[in-house]
Structure formats: C-alpha cells, structure tokens
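Q: Hi! I'm new to reading protein models and could use some company. Can we go through this one together?

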Amino acid sequence: MQVGNPVPDPVCGRCKKKIERDGLKEAVYQDGLWFHTACHREGADQLFRARRLSDVLKEIKRGVEIITSPLFQGDEPPGVHTAEREEMSTPPSQCWLPNTGEHYFLMLGNGMIARFPWNDTDFDREAWHFGNCFHTQAQAEQAREQITQVLHTLHQSW
Ligand SMILES: [Zn+2]
C-alpha cells in the first residue's frame, strides 16, 4: 500500500518536467500552473509575439475591410459595426497623406521598397488606402518586417 503525497510535485506548465521542490522559489506560478522561470519567460515572449502578430493581422484585416467597405464605393454602408469601428485606433484619415509633388515610400510585391512621387493618381490613393504609403523608408521597412512575419505565419498554417 502506498500513501502518496496528496499534493503531487508541480510540473512545469510548459516543458512538462517536474519542478524540484527546492527550485520552487525560482519558479513562476501563473493561472494555476507552475513554470520554470526560463520556460515562463520563453512562453511570455511567444505570447508577446503572438499578440503583436495578431495586432498586425487585425490591422491588415481592417485595411482590407476599409478598402472593400461601401464607404469607399460611394454607397451608404448597409450596417456599420459600431463597436468594431470604435476599436480602430488609427483610421486611415489620420495616416500621413502626401501632397502632390511629395514623395512616399511603398512596398512592392517582391518586398522591395520604392520611392514614388505622389501624383494623386488612383494608384497612389489605393496604395494609401491599403496602408502602403509611408513617409519614411524606415517606416516602410518596419512595415515590411511585420508583413514578412504575417506572411510566414500564413504559409506555416497552410
Ligand atoms: Zn519548464
């Protein structure tokens, strides 16, 4: 007959390895689970990256919705999702809009960043609505970095 310890040794919520009782003071307790400090930090990093990515995806989805939105087709929107719209932190109207003769940076299909003159053409305006219009090359490069992450994630999920 075996009388076990009523409280099992805690197991790391991430690597599933036992956390030594002596190591508990080094461990992190969160949401009812114990984690090795390193494991927890790793998990937190991934969570942070996932959240950041989901923010980016939300932004992209929002950009697409705006472009396809009846607001931009000249019709009355059939139903505006007020709650969703309130969440929008940066409506495109607050994005930098170049004046004619100014230059803007734009991401090409192959990831190259090009500097275009703003001539207020349909193309210019569509790029702007899509969010692909940047004041500086650094901003365009930052966007490319985020979009690269999104694309890689999409390809992993297919
Ligand atoms: Zn662990």
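Q: Which elements have the lowest and the highest mean pLDDT?
A: Helix 2 has the lowest mean pLDDT among the elements of the chain, at 46, and strand 3 has the highest, at 93. Here pLDDT is the predictor's confidence in each residue, from 0 to 100. Helices (H or I, at least four residues) and strands (E, at least two) are DSSP runs, numbered from the N terminus.

Q: And what is the pLDDT over residues 82–91?
A: Over that stretch the pLDDT is below 50, and beyond near neighbours in sequence the stretch has three contacts in the model. Two residues are in contact if their C-beta atoms, placed from the backbone, lie within 7 Å.

Q: OK, any ground rules before we go on?
A: This is a predicted model, so local features need pLDDT of at least 70, side-chain atom pairs count only at pLDDT 80 or more, and totals for chains, interfaces and linings use all residues. Residues are numbered from 1 along each chain as its sequence is written.

Q: What is the mean pLDDT of the chain?
A: The mean is 78, and 77% of the residues reach 70 or more.

Q: How many helices and strands are there?
A: The chain has four helices and four strands. Reading from the N terminus, the order is β-β-α-α-β-β-α-α.

Q: Back to strand 3: how does strand 3 pair with strand 4?
A: The two strands pair in the antiparallel sense, over five bridges. For strands to pair, DSSP must find at least two bridges between them. One bridge joins Met107 to Ile113 in strand 4. The hairpin of these strands has five residues between them, and Gly111 takes a positive phi near 90 degrees there.

Q: How many residues of strand 4 are buried?
A: Zero of its five residues, so strand 4 (residues 113–117) is hardly covered. A residue is buried if 20 or more other C-beta atoms lie within 10 Å of its own, exposed if 12 or fewer, and partly exposed in between, with C-beta atoms placed from the backbone. In the chain, buried residues make up 11% of the 158 residues.

Q: Which residues form the largest nonpolar core?
A: That core has eight residues: Tyr104, Phe105, Leu106, Met107, Trp128, Cys133, Phe134 and Ala140. Strand 3 gives the most to this core, with four residues. A nonpolar core is a set of buried Ala, Val, Leu, Ile, Met, Phe, Trp, Tyr and Cys residues joined through C-beta atoms within 7 Å. Another core, of five residues, lies apart from it, and includes Cys12, Ile19, Ala27 and Trp34.

Q: Where is Cys12, and why does Cys12 count as buried?
A: Cys12 is found in the segment before strand 1 (28–30). Cys12 is buried because 20 other C-beta atoms lie within 10 Å. Not counting residues up to four places away in sequence, Cys12 touches Lys17, Ile19, Trp34, Phe35, His36 and Cys39. The C-alpha atoms of Cys12 and His36 are separated by 6.0 Å, although these residues are 24 apart along the chain.

Q: What about Cys95, buried or partly exposed?
A: Cys95 counts as partly exposed because it has 13 C-beta neighbours inside 10 Å. Cys95 lies in the loop between helix 2 (82–87) and strand 3 (103–107).

Q: Last one: how many residues does helix 4 have?
A: Helix 4 (residues 137–157) has 21 residues. The count of buried residues among them is one, so helix 4 is hardly covered.

Conventions. Expected span 1.5 Å × (residues − 1).
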